[in-house]
Amino acid sequence: MASRHVTLANRCSESKSPYVRSHMDNPTAWQLWSPQTLELARASNRLLFVSIGYSACHWCHVMAHESFMSNDIAQLLNENFIPVKIDREERPDIDRQYMDFLQATTGGGGWPLNVFVTPDLHPIFGGTYWPSAKSERGKHGTSFEDILQKVATLWKDQEERVRENGRQITTQLRDFAQEGSLGGEKAEGGEDGLDLDVIEDAYQHYKKRFDSVYGGFGTSPKFPTPVHLRALLRFGAHNQVVRDIVGDEDVEHAKYMAVKTLECMAKGGIKDQIGHGFARYSVTRDWSLPHFEKMLYDNAQLLHLYLDAWLVTKKELFLEMVHDIATYLTTEPMQSSLGGINASEDADSLETEHDHHKLEGAFYVFSMDEFEKILTEGEVKVCAKYWNVQSKGNVDRRYDHQGELVGKNTLCVMYDTPDLAKELNVSDEEVKRMIASGKRKLLDYRNKNRPRPALDDKIVTAWNGLAIGALARASAALASSSPQQAQSYLQGAEKAAQCIKEHLFDPSTNTLHRVYRDGPGETKGFADDYAFLISGLLDLYETTFDDSYLQFADTLQQTQIKLFWDTKGAGAFFSTPADQPDILVRTKDGMDNAEPSTNGVSAQNLFRLGSVLNDESYEKMGKRTVCAFEVEIGQHPGLFTGMMSSVIASELGMRGLMVVGEGPAVEATVRLMREGVRPNMTVLRVGGGAKSEWLRGRNELLKDLDGKREMVQVCEGGTCRLLDEKGIEALLGE
């Protein structure tokens with residue numbers, strides 16, 4: 001059937017997403033992903049051209065400028081397709097299903113994600129950045145115009161064949177999407193699902209891929225992978241059973257791999273060396289050249305990770321990173337006036353307010369001429385060496401595809417200050433003074449003279465959950481040593497939690513919305529929104545002992561189970577609710593990627609809630625969640641490191657500390673808990689100023705407890721025992 005004529009108008013102005021709205025002036029007549037648009041595709045019998053990206057994405061901007069602003073390309077799109085623009089952060093489910101298709105058919109992925117889709121939503125062909133015919137890359141290969149013309153012709157001439165191919169592809173995607181549906185039976189019978197040897201297997205996976213020179217895994221590009229690094233760092237923090245399985249030597253090497261990577265990242269260009277926060281990833285193996293966008297979900301996870309690293313090693317560099325990231329997340333522009341934390345900062349920006357064309361990294365890079373203009377001669381001598389600033393720039397031309405970084409330098413720490421002092425024949429104190437002075441001047445110059453990258457001021461529920469937990473833990477760990485900063489971080493976490501509860505939670509249905517910007521978005525929360533927020537609230541409870549956070553977490557856990565739990569199969573959580581009409585494949589998320597897996601976080605939440613609330617039903621669901629993925633974990637344990645703590649909890653159980661009243665034993669217990677890394681251990685408090693009335697009603701063990709008498713108990717395996725000072729030291733001793 002031939003396509004019916006339809007007149008399209010650009011509808012991006014109707015969206016609240018900064019990314020989608022940035023395309024409102026395109027001649028391309030973008031539609032929004034909605035029931036009306038999908039019906040329009042069916043009624044007009046047109047293929048959908050679905051383009052998915054996000055605000056901070058550099059190549060999304062390149063394609064928007066090259067292609068979607070082109071009248072010729074707009075004409076091809078508007079006359080032959082229904083072009084749809086989607087913010088991946090608003091609709092991660094749509095992004096996931098078409099990214100799975102792209103990776104399955106091409107072996108790669110990324111953003112912008114562009115895919116041609118039948119009116120029945122079956123994908124038929126896709127890719128990432130496609131160059132326009134007028135660009136340098138488009139002159140030497142297949143251009144975007146070529147692709148549009150070929151796909152339009154194919155649909156016109158061979159529609160039924162295209163539809164059939166799409167249906168077959170979708171069938172294959174459903175077959176591939178078996179993650180989390182092959183296990184689960186053992187948990188029903190109460191038997192152990194997974195052997196703890198998978199922990200050693202996960203370690204071996206990373207040992208083989210570790211870059212011993214620069215840290216990280218593989219070559220380039222290099223991503224921080226906080227979930228995997230955190231698991232490696234924490235192997236030694238588990239009990240003796242786990243340490244015996246991994247082995248003392250391997251426990252130490254696992255820690256070394258994490259520490260080495262974190263040191264290299266902190267000194268590399270991926271770290272904003274004069275400001276705050278980390279960029280998305282490094283284009284180069286040595287962490288020197290970042291992709292300059294800064295994402296909330298990366299920085300929130302890195303705060304958790306650097307905090308663990310500091311608690312384990314007490315290295316000053318890691319404490320510096322904790323303060324750096326926590327400050328980034330709790331100040332402008334990241335923390336909004338509402339209290340929620342914004343999504344990201346762009347990779348591209350204008351060099352000066354008088355420019356019109358944005359360049360990648362323009363806000364962050366410096367030329368030697370700028371160094372000599374901003375700094376004194378003595379500061380240039382020290383700072384240029386310290387940060388590897390060269391007269392011709394330090395960016396390898398091979399990685400600067402658009403020539404935007406010629407003569408520019410990314411700032412990377414190349415020396416420990418004593419070594420630099422020795423080379424320059426000055427004191428270490430003088431070098432440190434010069435670096436601190438240079439840093440202040442460069443930052444002041446940057447803030448005054450360079451337009452800041454665009455801010456995506458969406459508040460994403462899931463990512464705020466990650467940040468709430470990280471800030472709460474940082475506050476608890478630093479309360480003794482840095483009380484003023486710790487209080488600031490706690491206020492940031494509490495403001496974000498209050499923002500979510502006030503603006504993104506519907507108390508009439510106990511459900512969440514996914515995003516907020518000028519009001520809550522239409523998209524309901526996904527399973528990861530519940531999982532990450534519950535986790536953050538549990539951390540916030542253990543920092544404040546205010547059981548309103550625990551009550552909110554319990555409420556959200558019940559909703560997550562109601563909407564996403566697999567009641568008919570192996571258990572665990574689907575990413576989307578059962579009644580969602582616009583997805584082809586309902587998947588379960590178990591593998592860790594840029595963000596932790598939904599089921600990895602959910603399993604840990606269930607074990608933690610089960611421990612604190614003395615709720616066996618939660619513990620059983622935690623075990624079923626792990627067992628649902630036992631086949632995949634057994635085959636590829638290195639891809640499921642976020643699940644490892646829950647694998648251990650399934651086998652060895654949780655330890656719950658109950659502290660009651662006031663006194664030296666209670667205070668010592670709380671401090672030791674907060675200032676250490678304690679996997680699979682929870683703490684609750686009754687009395688002593690803790691807000692615990694709801695908790696005492698929810699946890700049967702606490703109902704008749706005298707909240708005034710000082711007491712510390714540890715509960716595990718269904719029994720509790722009192723701890724004296726020696727017992728506390730033995731359990732939590734540093």
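The expected span of a helix is 1.5 Å times one less than its number of residues. The exercises below use this idea and others on a predicted model.

**Exercise 1. Two helix lengths**

Task: Work out what span is expected for helix α20 (residues 483-503), and how far apart its end C-alpha atoms are.

Solution: Begin with the residue count, which is 21 for α20. At 1.5 Å a residue, these residues should span 30 Å, and because the end C-alpha atoms are 30 Å apart, the two values agree. Now repeat the step for helix α22 (residues 547-564), which has 18 residues and reaches 25 Å from its first C-alpha to its last, close to the expected 26 Å.

Next, look at burial, for which the cut-off is under 20% relative accessible area. In α20 the buried residues include Y489, L490, A493, A496, A497 and I500, while in α22 they include L550, F552, A553, L556, Q557 and I561. When reading such lists, remember that an α-helix has 3.6 residues a turn, so residues three or four places apart point the same way.

**Exercise 2. Burial of three residues**

Task: Decide for S212, F292 and N464 in turn whether the residue is buried, partly exposed or exposed.

Solution: The step of reasoning needs two cut-offs, since buried means under 20% relative accessible area and exposed means over 50%, with partly exposed in between.

- S212 lies in the loop between α9 (197-209) and α10 (226-234), and its relative accessible area of 48% makes this residue partly exposed. Not counting residues up to four places away in sequence, S212 touches Y256 and K260. Its C-alpha atom is separated by 8.9 Å from that of T261, although these two residues are 49 residues apart along the chain.
- F292 sits in the loop between β6 (290-291) and β7, and with a relative accessible area of 4% F292 is buried. Residues up to four places away in sequence again being left out, F292 touches A279, D346, A347, E360, G361, Y364, V365, L405 and T410. From F235, by contrast, F292 is 57 residues apart in sequence and 32 Å apart in space, C-alpha to C-alpha.
- N464 belongs to helix α19 (residues 461-478), and at 0% relative accessibility N464 counts as buried. Leaving aside neighbours within four places in sequence, N464 is in contact with L296, G340, I341, I459, A496 and I500.

**Exercise 3. Reading the sheets**

Task: Find the strand order and the edge strands of the sheet of three strands, and then of the sheet of four strands.

Solution: Strands of a sheet pair through backbone hydrogen bonds, either parallel or antiparallel. The open sheet of three strands has the order β7-β8-β11, with antiparallel pairing. Here β7 (294-295) and β11 (455-456) stand at the edges, and because each has a single partner strand, one side of each is left without a neighbour in the sheet. Strand β8 (residues 344-345) is joined to β11 by two bridges, and E345 has L455 in β11 as its bridge partner.

The open sheet of four strands has the order β2-β1-β3-β4, and its pairing is mixed. Its edge strands are β2 (81-87) and β4 (123-127), each of which pairs on one side only, and the twist averages 20° from one strand to the next. Strand β3 (residues 113-117) pairs with β4 in the antiparallel sense over four bridges, and V115 stands opposite G126 in β4. Finally, helix α3 (residues 58-68) lies across β1 (47-53), β2 and β3, running at about 140° to β1.

**Exercise 4. A hairpin**

Task: Say how many bridges join strand β18 (residues 711-716) to strand β19 (residues 719-722), and then examine the turn between them.

Solution: Four bridges join these two antiparallel strands, and C715 stands opposite C720 in β19. The hairpin has two residues between the strands, and G717 takes a positive phi near 60°.

**Exercise 5. A helix pair**

Task: Describe how helix α23 (residues 598-613) packs against helix α26 (residues 644-652).

Solution: Two packed helices are described by the angle between their axes and the distance between the axes. The axes of α23 and α26 come within 8 Å and cross at roughly 35°, and the crossing is left-handed. G600, A603, Q604 and F607 in α23 meet S645, S646, A649 and S650 in α26. Sorted by class, this contact has three nonpolar, five polar and no charged residues.

Key: Residues are numbered from 1 along each chain as its sequence is written. This is a predicted model: local features need pLDDT of at least 70, side-chain atom pairs count only at pLDDT 80 or more; totals for chains, interfaces and linings use all residues. Side-chain values use heavy atoms; hydrogens and water are left out. Axes are lines fitted to C-alpha atoms, for helices over the stretch in contact, and angles run from 0 to 180 degrees between N-to-C directions. A crossing is left-handed if the near helix is turned anticlockwise from the far one by less than a right angle, and right-handed if clockwise. Contact means heavy atoms within 4.5 Å. Ala, Val, Leu, Ile, Met, Phe, Trp, Tyr, Cys and Pro count as nonpolar, Asp, Glu, Lys and Arg as charged, and the others, Gly among them, as polar. Two strands pair if DSSP finds at least two bridges between them. Buried means under 20% relative accessible area, exposed over 50%, partly exposed in between (1.4 Å probe, protein chains only).
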